[in-house]
Amino acid sequence: MLISRLLPALVGAGLVLGVLSLLIVAAGQPLGESFRIILQGATGYPRTEAFGPIDAWDVVLHDMTLLLLAGLSVAVALQAGLFNIGAAGQLLVGALAAAWTGTLTSIPSAVHLPFVLLIGAMAGALWAFLPAWLKVKRGAHEVISTIMCNYIALYLTHWLVTDRWKDPSSNAPQTMAILDTARLPMLREEFLQASWGLGIALGTTLVLWLVLYHSAWGYELRATGANRDAADAAGAPTARRMTEAMLLAGALAGLAGAIEVCGAQYRFFEGFPSDYGFDGIAVALLAGNHPILALLSAGVMSALRSGTFQLHALTGAPKEIAIVVQAALILYVAAIYLRKRRMEG
Amino acid sequence: MGELFDAQLFSTAVRQATPLILAALGGLMSERTGVINIGLEGKILMGAFAAALGTLLTGSPLVGLACAILVGLTLALLHAVATQELHTDHIVSGVAINLLALGLSTYLFRQVIVPREEAGQTSMVAMFGAVRLGGLENLPILNALLKDQSGLTVFALVLPFALWLMLRHTRWGLRGHAVGNDALKARTMGVPVKRVRYLGVLASGVFASIAGAFLVLASTGQFRENMSAGRGFIALAALIFGRWHPLGAAAAALGFGFFEALQMRLQGQPLFGVQLPTDLLLMLPYLLTIVAMMGLLGKMKPPSDLGN
């Protein structure tokens, strides 16, 4: 019994190692040495002169914060039966909103940081409103509308950062640096990018788990996702729950963007990293959309990213190895767990 | 202002629209049989890479095109098996295929093509030449639009009409329509649902990969990382804006291609005395699609059995 439940996970781990090995060998790298470097990039051990645990944890914990929030964004929408492909756009909008409010001197310094994070989350939620409305009122597929909103966000933020809100004192297309009062403290003094945003993400995870699994609201939301017609028949306000789930998803992605600004970048710039939004899809699917498990999958994914990036930095092996592994993992998880029930609908 | 809207602008528009038309029609073939296909982007990208590699190794763009189609078919087969045999969610499979294509094409590019460049060899490949128009050169508008275009563009302009006729008048077209709208009813009427869907998805792989091949073999002459640059998603927008109709989708793709051409031409110049941000022009296809989804431009009706 235990074996049969563990088997898919073991096969999945085997698949990851298999694909990883294949790509390393095909890139002409020695296997054992490469895995040692990946392990080092993921955990900091075995430590070397140039690279120790602190460096690795800085990267892994930073990535984990963003992947977790993006993963929760995708997961909460999927729990209500909606596929939020729009986390990337929501993240961008949240980040730009945070970068803008972070430069305002008119806000009392004591509430500046929470205010900025809140505005970031609200901007993300705002960006998710249109797809939610289109889905509920017009029956338009949320996948298409969120993809469209991603591109609109991309070009809108690009226009604002290169034109309207560009820092006039700089040649680079970027906003002014946010004030010290809007910055998140680092987890450790030596860190450069892993901030207390991780604490916020962990707290959010816990709260999300509580409301999804231990409240009537969460029960209705999940019932809507499991079978909307049945939930309707049972009297759940399904359209309302779907809208709320999508807004919450947008807020989580927007919060990720705001944390990236307040905890690592301190400004918005042309080409702001938004692909965490897409990686969130893998995090959520791998975790079966469960918030606590998302913590685990975000951890694994960020370790894999950091490890393969270290391999790229030291040996020049293509850094896209992580993307290929991730794609293989999504396909595997989808084929194993996410089969559509054939009699459904 | 007179010189802004010259023949050159429209000719560029047609060239920019070519991959969009091809990919949108690819999406149409799949979605009309009920299989959602957001993996167009990945198929374009892998198609572009395969076209570049095939041509680089053999010197023949025709071989490159064949390689692209082969790779497109492979990715499409993956989508077909995942959705039809394993009953994987169509969106998840599409997302995975896009990721796989992005990762694999860049990985292989760095492994195979970049080392050649570093060794001083060119990564530029032989391209398709312009088609000869023959007697058509005397027709002023057609000549202006099709002058110096490759055969792939001509193919993309003829294809919508061919598909339109096929979908309306052939057995396969009507079967596809039946499967896309009510698979269960189609099955009871004796239509081989699975086979129809396989063919639809495989056709989408062929057309999307030709779109990718066009980028290399008729547009830029070389592969670059992530060179599909979101075209698969604009194609998806064109498909929806054109309401899943071959002529509508092609017309929408042409319109979106025109915005791109206009954006390339303006580059900060004012249009009718107004300084338009180029980002706004690039945003227009997506904005218009959202407006269409709102139902402001008439009723939208996707194939009823889409995604099941």
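Trainee: Which method do the accessible areas come from?
Mentor: Accessible areas come from the Shrake-Rupley method with a 1.4 Å probe. Keep in mind that this is a predicted model.

Trainee: OK. How much area does chain B expose?
Mentor: Chain B exposes about 12300 Å². Carbon and sulfur atoms supply 66% of that.

Trainee: And chain A?
Mentor: Chain A exposes about 14800 Å². Carbon and sulfur atoms supply 66% there.

Trainee: What is chain B built from, helices or strands?
Mentor: Helices. Chain B has 12 of them and 0 strands. Read from the N terminus, every element in its run is α.

Trainee: How many helices does chain A have?
Mentor: Chain A has 13 helices, and 0 strands.

Trainee: Does that make a ball or a stick? What is the radius of gyration of chain B?
Mentor: Chain B has 20 Å. A compact globule with 308 residues would have a radius of gyration near 19 Å, so the value agrees. Its C-alpha trace spans about 60 × 50 × 40 Å along the principal axes.

Trainee: What about the radius of gyration of chain A?
Mentor: Chain A has 21 Å. The rule gives a value near 20 Å for a compact globule with 345 residues, so chain A agrees too. The C-alpha trace of chain A spans about 65 × 60 × 35 Å along its principal axes.

Trainee: How much of each chain is buried?
Mentor: In chain B, 56% of the 308 residues count as buried. In chain A, 54% of the 345 residues do.

Trainee: What share of the contacts joins residues far along the sequence, at least 24 apart?
Mentor: In chain B, 77%, counting contacts between residues at least 6 apart. In chain A, residues 24 or more positions apart account for 72% of the contacts with a separation of 6 or more.

Trainee: Now the inside. How many residues are in the largest nonpolar core?
Mentor: It has 178 residues. Ile85(A), Ile147(A) and Ile38(B) have the most contacts inside it.

Trainee: Pick Ile85(A). Which residues does it touch?
Mentor: In chain A, its partners include Val143(A), Ile147(A), Phe278(A) and Ile281(A). Ile85(A) also touches Ile38(B), Ile91(B) and Val95(B). Residues up to four places away in sequence are not counted.
Mentor: There is also a second, separate core of 7 residues. Leu9(B), Ala13(B), Ala261(B) and Leu266(B) are among them.

Trainee: Change of topic: charges. How many positive and negative side chains does chain A have?
Mentor: Chain A has 21 positive and 21 negative, with the centres of the two sets 10 Å apart. Chain B has 21 positive and 15 negative charges. Their mean positions are 12 Å apart.

Trainee: Any odd backbone spots? Which peptide bond is cis?
Mentor: The one from Tyr45(A) to Pro46(A), with omega near -10°. Pro46(A) sits in the loop between α2 (31-43) and α3 (53-79) of chain A.

Trainee: And in chain B? Where is His87(B)?
Mentor: His87(B) is in the loop between α3 (61-85) and α4 (90-118). Its phi is positive, about 55°, although His87(B) is not a glycine.

Trainee: What is phi of Ala229(B)?
Mentor: Near 45°, a positive value in a residue other than glycine. Ala229(B) lies in the loop between α9 (193-220) and α10 (231-241) of chain B.

Trainee: Is Ala229(B) buried or exposed?
Mentor: Exposed. Ala229(B) has a relative accessible area of 51%, and the cut-off for exposed is over 50%.

How values were computed:
Residues are numbered from 1 along each chain as its sequence is written. Chains are lettered from A and ligands numbered from 1 in the order in which they are written. This is a predicted model: local features need pLDDT of at least 70, side-chain atom pairs count only at pLDDT 80 or more; totals for chains, interfaces and linings use all residues. Side-chain values use heavy atoms; hydrogens and water are left out. Helices (H or I, at least four residues) and strands (E, at least two) are DSSP runs, numbered from the N terminus. The radius of gyration is taken over C-alpha atoms; the globule rule is 2.2 Å times the number of residues to the power 0.38. Buried means under 20% relative accessible area, exposed over 50%, partly exposed in between (1.4 Å probe, protein chains only). Contact means heavy atoms within 4.5 Å. Lys and Arg count as positive and Asp and Glu as negative; His and the chain ends are not counted. The place of a charge is taken as NZ of Lys, CZ of Arg, CG of Asp or CD of Glu. A nonpolar core is a set of buried Ala, Val, Leu, Ile, Met, Phe, Trp, Tyr and Cys residues joined through side-chain atoms within 4.5 Å.
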